[in-house]
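Here is a friendly walk through a few side chains, ring pairs and one helix face. Please keep the model open beside the text as you read.

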Amino acid sequence: MASATSFYDFKPVDKKGEEKPLSDYKGKVVLVVNTASKCGFTPQYAGLEKLWKDIGAKHPDDFVILGFPCNQFGGQEPGTNDDIQSFCQLNYGVTFPIMGKVEVNGDNASPMFEWLKNEQPGLLGMKRVKWNFEKFLVGRDGKVKGRWASTTKPESLEKHILEELGKQA
């Protein structure tokens, strides 16, 4: 979607394979994470869930985490959308939305991830997502406010998220 000017212009698929307009999150602060169930970083689901609950308790209508399963890195997300949902709930008690499986790099990359990468290139201007559990923070205005590598623990993003929550759209 070359004409996209904001995060809210996209409609990725949800866990049921149905389009989910991101405009539903307009005015919220959104943390987007590409996830995987069989990765060394998979335990970050616990940190993401804690962040979701802690910030959600204080800002129930203003913050959302969206997990986007991806199987492009070492085949670490081989399951179906149903398998992924079950895994996240049973093993980590995940209650934030886990969307449908996507690709984040290459010819079949999700247009939303292409936009996120262009808006906030990584280290040394690199645009491609390097691995599972890379994180993008989107402000209330639909613009990308930050990007963090897989090694960044979710808990360390709380300050950045709260700063964005303090801003008006």
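Helices (H or I, at least four residues) and strands (E, at least two) are DSSP runs, numbered from the N terminus. This is a predicted model, in which local features need pLDDT of at least 70, side-chain atom pairs count only at pLDDT 80 or more, and totals for chains, interfaces and linings use all residues. Residues are numbered from 1 along each chain as its sequence is written, and side-chain values use heavy atoms, with hydrogens and water left out.

**Two asparagines**

Let us begin with N81, which is found in helix 2 (residues 81-92). Polar contacts are pairs of N or O atoms within 3.5 Å; within protein, one must be able to donate a hydrogen and the other to accept it, and residues adjacent in sequence count only if both atoms are side-chain atoms. The table shows such contacts of the two asparagine side chains.

| Side chain | Backbone partner | Distance |
|---|---|---|
| N81 | oxygen of K15 | 3.4 Å |
| N81 | nitrogen of K101 | 3.1 Å |
| N105 | oxygen of V129 | 2.7 Å |

Contact here means heavy atoms within 4.5 Å. Leaving aside residues up to four places away in sequence, N81 touches D14, K15, M99, G100 and K101. N105 sits in the loop between helix 2 and helix 3. With a relative accessible area of 9%, N105 is buried (under 20% relative accessible area; exposed is over 50%, partly exposed in between; 1.4 Å probe, protein chains only). Beyond residues up to four places away in sequence, N105 touches Q72, F73, K117, R128 and V129.

**Aromatic pairs**

Rings of Phe, Tyr and Trp (its six-membered ring) pair if their centres lie within 6.5 Å; planes under 30 degrees apart count as stacked, over 60 as edge-to-face and the rest as tilted. The whole structure holds nine aromatic pairs. One of them joins F10 and W115, a tilted pair at 5.8 Å centre to centre with 50° between the planes. F10 lies in the segment before strand 1 (29-35) and W115 in helix 3 (residues 111-119), so this pair ties together parts that are 105 residues apart in sequence. Both F10 and W115 are buried.

W52 and F63 also form a tilted pair, because their ring centres are 6.4 Å apart and their planes at 45°. F63 is buried too, with a relative accessible area of 2%. Elsewhere, ring pairs link Y45, F87, Y92 and F133 into a cluster.

**Helix 4**

Which residues of helix 4 (residues 158-165) are buried? They are I161, E164 and L165. Their cover includes strand 1, helix 1, strand 2, strand 3 (135-138) and strand 4 (144-148).
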